[in-house]
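User: Hey, can you walk me through this structure? I'm new to this, so plain words please.

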Amino acid sequence: MNKSKRILSGRNLAGSIVLAAAALVPLVLGHSQYNMILATTVMLYAVLATAWNIIGGIGGQFDLAAGAYVGLGAFVTGTLLTRWNITPWLGMLVAGAVAALFAASVGFPLFGFKIRDLWYSLSSSALVEVLRVVFLMWAAVGGPTERYLGGSGSQLYRMRFGTYIPYYYLLLVMLVISLVLVNRIRQSKLGFSLLALGEDEDAAEVLGVNVRASKLKALMIYAFIAGMVGGIYACIYGYIHPSFFATDLSMEVAILGIVGGLGITWGPATAALIFVSMREFLRARLGGEMAGLYLVVYAIVLILVALYQPLGLAPLAMRGIERLKSMMGVKQRGITSAHGK
Amino acid sequence: MNSKAFRILLTLLALVTVVLGACSPAPAAPAAPAATQAPAQKSAPALPDEIVVGSVQPLTGGFAVFGQDGKLGAELAIQHINEAGGIKSMGGKKLKLVSEDAGGTPDTAKLATESMISKNRPVAILGEYISRFVMAASEVTDREKVILIADALVPQVTQMGRQYLFRPGPTATDHGALAYQFLVDVSTANGDPIKSIAVLNEDSANGRANSLGAIESALKNQMPVVTSLEYPYDITDATQIVQQLAKANPDAVIHTPYFNDAIVFGKAFKETGLWPKFLAGAGACGYVDPESIKALGDAAEGISMTYSYNPAKDTPQNKKFVEAYKKIKGYIPTEGAGMNYYGAMVLYEALEYSGTHFPDDPLNPENLRRSFLALDLKSGPAVETYPGPQIKFDPLGDNEFPGTVVLQVQQGEPKVVYPEAEAEAKPIWPNSHFKP
Amino acid sequence: MIETTVQAIITGVMMGAIYALIALGLSIIFGVMNVVNFAHGDFVMFSMYLTFTIGTLLVWDSVQTPLLTVPIMFVFGLLIYYLIIDRTLGQFWVMQFAATVGLQILMRSAALIIWKGQPRALQYSIIQGSIHIGPFTILTSRLVAAAVSLIVIGGMALFLNKTWAGAAMRAASDDLGAASLMGVNRRRTYGLTFAIGSSLTAVAAALLMSFQQIDPTGGMRFGLLSWCVLALAGLGSLPGLLAAGIIVGITESLAVSFYDPRIRPLAIYAIFILVLWLRPKGLFGRR
């Protein structure tokens with residue numbers, strides 16, 4: 001394939017437009033800290049959901065342990081800063097590594113015993129709770145009271161800015177990296193292996209795919225990113241607490257990945273944008289009156305998508321556009337998604 | 001796959017959503033000249049029509065019980081201030097209260113605080129009941145230079161170096177110490193002085209701080225603490241802990257719960273029948289408020305709790321407050337309501353002071369802050385509703401003269417029983433369920 | 001030491017029986033229909049809130065509430081089956097996952113709206129009280145609850161073995177194709193199964209509400225507990241379910257007595273993960 005042609009293709013151009021728009025957001029909203037923290041939260045979920053795509057969307061393993069990796073990342077970064085005054089810029093990377101290692105050590109036996117589908121999801125969900133309780137009782141590093149981030153040095157060194165804008169940009173950069181990663185993986189050997197085992201593990205094994213190694217690689221990449229996000233999260237909020245090991249967050253990341261479109265690069269990020277904004281919008285408008293109403297709407301949307309569009313909203317949108325274009329007489333190209341069911 | 005159009009569609013969608021999210025549902029005047037004037041201005045900045053005060057409390061989620069009461073206390077205070085003529089030193093300016101829901105986690109509390117400040121630019125915020133929330137929110141209020149009048153108990157709240165944080169109420173340490181002192185005084189007065197205590201708390205900062213206050217007092221007086229137990233606040237089954245307590249056999253138990261675990265424990269005590277000679281609560285949550293008494297039934301009888309507010313205080317302002325509150329809720333104000341009421345009154349006093357001493361720019365955050373620090377109240381609506389004789393802030397923002405009282409459930413009603421100067425009834429000793 | 005251990009075991013056995021009952025509905029649904037109901041724990045939570053409302057409105061004791069809650073949850077189960085679950089059968093697994101997770105969120109937030117965030121509890125139940133045998137305390141509420149759990153589990157076993165509907169369910173779980181050839185209507189059988197599983201949570205709820213309180217986060221607790229018991233038990237054996245429940249109950253009780261009340265979830269999830277790693281079929285599983 002002609003490489004230079006690819007770089008200038010429609011997809012990448014459009015993608016750059018969107019990212020440029022995203023980069024301009026702080027200019028539009030920056031005056032309001034409230035809006036900035038909203039935008040930052042959207043970014044947080046966008047990064048997590050995109051990374052989840054690697055193991056969940058392409059690999060078909062519905063991991064529900066995002067909270068475990070985020071929490072670990074937060075604690076590693078926070079503790080490194082508070083105890084040894086190590087800047088979170090470095091701490092983040094260590095956090096990612098720790099999360100990845102943890103994921104590997106749990107995943108190794110888990111995948112080895114051919115735990116799949118449901119049981120993988122359930123045990124990953126349990127993992128989050130286990131870590132939460134462990135850190136709750138681990139008085140030296142965790143404990144039930146919040147640990148406020150300390151450290152000395154400039155704001156930049158401690159990564160504790162007075163405004164949310166720098167965090168937003170940092171997460172935007174991570175989003176770009178994640179998107180590129182997902183794209184690359186999809187077209188790499190790892191990606192094909194994952195797609196294969198996502199469809200039918202036994203068949204893939206027979207065809208020579210090293211199922212366990214592929215799953216582990218995907219899991220580690222995803223955990224690394226999640227760990228880094230956890231580090232950033234700690235710096236944004238300025239404290240660490242075992243409640244960071246959140247089951248709700250884990251479920252939400254998976255849901256965004258599913259609703260966005262399994263395996264589609266842009267899907268989860270878009271879902272994050274739409275759903276997190278919608279959620280906060282509803283909460284702000286309705287939250288005071290009826291707590292939980294926004295969640296009801298959220299849940300109904302999820303159920304509808306699950307029943308009628310389980311491959312996510314992105315393929316639906318794309319199909320809609322294809323139809324539009326065919327109506328306008330433009331040449332069609334096939335639709336590909338991670339799982340062609 | 002040609003997804004260019006799709007991308008553009010998505011971008012448009014994204015922009016629309018973001019713009020929608022940015023629109024505030026309650027559009028406040030963005031040009032309200034609130035307390036963010038540059039100090040170098042020569043001419044006196046125009047005062048807004050109304051002085052905006054914020055109330056950020058947990059109105060939904062696990063702490064809604066407290067938050068709703070706190071909000072009502074603030075509302076009544078603002079109403080009474082306005083009825084009495086507003087801020088006279090500023091020409092009778094009225095106050096306007098806006099409220100936001102802090103939700104159930106420090107993150108939502110922080111978000112609510114950001115939202116409150118972004119939309120309304122209040123001169124001060126009353127809130128946020130839970131110490132964790134106050135600590136998260138105070139980062140925002142200090143950055144934006146908005147005064148935060150905190151109704152949270154944990155000592156660390158005022159030790160974070162915040163400049164714009166004031167806490168008129170007592171700390172958790174004061175509560176724990178008072179619970180201990182109460183036990184000693186009451187048991188001695190009844191000819192049965194206690195010889196040992198046990199300390200029990202839920203494992204948050206609040207629980208621990210209260211217990212520490214009690215333990216410190218006990219150690220100072222060489223009173224043995226036979227056991228000190230902690231548990232997660234969302235505990236569902238307290239039987240095992242109750243059994244452990246019974247085994248340790250203390251004369252009295254000082255328990256610092258939150259709302260729900262108090263009910264779980266009360267029921268566990270009743271179900272097992274393993275009551276201590278006296279159950280003294282600390283930390284102001286649970287046991288003696290109307291919801292808890294209803295849920296516990298006769299198990300609540302005789303249990304005491306320390307409070308940062310005295311509903312029986314015999315002063316005109318307090319009576320006015322209690323009556324107004326009772327009319328709306330059907331029961332006397334709880335601690336959350338009381339703390340926010342006198343918190344708002346303290347704000348009133350500070351505003352009056354600022355209007356008098358900084359007539360050019362009374363709503364400037366620096367001037368307001370100085371006014372708070374200059375206060376030394378021995379009378380007035382704030383002191384009249386405060387469970388103590390004086391309000392004066394130290395440099396960290398704490399009251400140098402913190403006051404606490406003890407309430408006890410007597411015949412299904414909470415009664416103020418200690419200290420004697422503030423009491424309306426005599427304490428009952430020992431706990432009626434106790435079987436030696 | 002011995003005393004504490006024995007007390008812990010006594011408590012653990014009683015709670016274990018109750019845990020088995022909580023997991024029973026899930027076991028039947030998963031066993032017969034191979035349906036993953038992520039929202040099972042929230043069914044229990046919802047039933048408990050329902051119990052609270054009925055108990056408070058009609059001033060009924062917790063143990064009387066099943067008269068109403070069981071039929072209500074039965075109908076509810078049917079509704080959910082036909083509206084949601086039925087559509088997800090035989091399809092890509094994502095559907096069931098996302099749909100039941102959505103259901104879970106829906107139920108949790110509905111509970112939040114209807115009953116607000118506070119925990120709710122009923123006034124004292126007639127079965128509450130304590131029996132003291134030497135140094136040991138047996139809480140009668142737990143004892144009665146355990147006894148009822150045994151009866152219900154036994155009843156379920158009888159139903160599955162002796163009635164036509166029960167046989168249909170068993171047949172459907174073994175081999176749907178063959179079963180339908182024998183006249184088993186898949187939809188009706190599955191609908192019945194789901195409804196039964198749902199109404200069983202109402203029974204468990206009534207027992208639990210006699211000595212516990214409920215809050216919207218209870219769903220997660222009961223959910224993971226159920227999966228843990230189910231994983232330990234394996235599929236296809238009701239006595240196995242009971243045994244698994246008791247094992248979980250005892251382990252949890254010992255952990256809490258000797259270590260720290262906070263370790264409770266840890267004990268349960270540790271069992272869960274260990275079972276999945278070492279013996280995914282469960283201790284008593286047929287398949």
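Analyst: Sure. One term to begin with: buried area is the accessible area, taken with a 1.4 Å probe, that two parts lose on being put together, summed over both. Also keep in mind that this is a predicted model.

User: OK, so which domains does chain A have?

Analyst: The domain assignment gives domain 1 (1-31) and domain 2 (32-310) of chain A.

User: How much area do domain 1 and domain 2 of chain A bury between them?

Analyst: About 1,100 Å², with 64% of it on carbon and sulfur atoms. Helix 2 (residues 10-29) of chain A gives the most to the domain 1 side, with nine residues. By class, that side of domain 1 has seven nonpolar, three polar and two charged residues.

User: And how many residues are in contact there?

Analyst: Twelve residues of domain 1 of chain A are in contact with 14 residues of domain 2 of chain A.

User: How many salt bridges are there between those two domains?

Analyst: Zero salt bridges. There are two residue pairs in polar contact between domain 1 and domain 2 of chain A, though, counting pairs where both residues are at pLDDT 80 or more.

User: Switching topic: what do chain A and chain C bury between them?

Analyst: About 3,900 Å², and 86% of that is on carbon and sulfur atoms. In chain A, Trp119(A), Met137(A) and Leu307(A) lose the most area to chain C, together 16% of what that side buries. The contact takes 47 residues from chain A and 40 residues from chain C.

User: How many salt bridges are there between chain A and chain C?

Analyst: One salt bridge. Arg108(C) pairs with Asp248(A), and their closest N and O atoms are 3.7 Å apart. For polar contacts across the interface of chain A and chain C, the count is zero residue pairs with both at pLDDT 80 or more.

User: Which elements of chain A give two or more residues to that side?

Analyst: They are helix 5 (88-112), helix 6 (117-137), helix 12 (247-260) and helix 14 (293-308) of chain A. Helix 6 of chain A gives the most, with 15 residues. By class, the side of chain A that touches chain C has 37 nonpolar, six polar and four charged residues.

User: Speaking of helix 6, is Val134(A) buried or exposed?

Analyst: Neither, really. Val134(A), which is found in helix 6 of chain A, has a relative accessible area of 30%, so Val134(A) counts as partly exposed. Buried would need under 20%, and exposed over 50%.

User: How far is Val134(A) from Tyr233(A)?

Analyst: They are 99 residues apart in sequence and 20 Å apart in space, C-alpha to C-alpha.

User: Let's move to chain B. How many helices and strands does chain B have?

Analyst: Chain B has 13 helices and 14 strands. Of the 436 residues in chain B, 62% are buried. If you take contacts in chain B between residues at least 6 apart in sequence, 67% join residues at least 24 apart.

User: What about Arg369(B), is it buried or exposed?

Analyst: Arg369(B) is buried, with a relative accessible area of 16%. Arg369(B) is found in helix 12 (residues 365-374) of chain B. Leaving out residues up to four places away in sequence, Arg369(B) touches Ile147(B), Gln163(B), Tyr164(B) and Phe166(B).

User: Which salt bridge is found in helix 12 of chain B?

Analyst: One is between the side chains of Glu366(B) and Arg370(B), at 3.7 Å, N to O. Because they are four residues apart in helix 12 of chain B, Glu366(B) and Arg370(B) are separated by about one helical turn. Glu366(B) is partly exposed at 29% relative accessible area, and Arg370(B) is partly exposed at 42%.

User: How many salt bridges are there over all chains?

Analyst: The count comes to 24 salt bridges. One of them joins Glu139(B) and Arg160(A), with the closest N and O atoms 3.0 Å apart. That pair crosses between chains, from helix 4 (residues 131-144) of chain B to the loop between helix 7 (155-158) and helix 8 (165-186) of chain A. Glu139(B) is partly exposed at 24% relative accessibility, whereas Arg160(A) is buried at 13%.

User: What parts does the salt bridge of Glu144(B) and Arg121(B) tie together?

Analyst: Those side chains meet at 2.6 Å, N to O. Glu144(B) lies in helix 4 of chain B and Arg121(B) in the loop between helix 3 (106-120) and strand 3 (124-127), so the pair ties together parts that are 23 residues apart in sequence.

Conventions
Residues numbered from 1 in each chain as written. Chains lettered and ligands numbered in written order. Predicted model: local features only at pLDDT ≥ 70, side-chain atom pairs only at ≥ 80, totals over all residues. Heavy atoms only, no water. Contact = heavy atoms within 4.5 Å. Salt bridge = Lys/Arg side-chain N within 4 Å of Asp/Glu carboxyl O. Polar contact = N/O pair within 3.5 Å; in protein donor to acceptor, adjacent residues only side chain to side chain. Nonpolar A, V, L, I, M, F, W, Y, C, P; charged D, E, K, R; others polar. Domains from an automatic or database assignment. Buried < 20%, exposed > 50% of the residue type's maximum accessible area, 1.4 Å probe, protein only.
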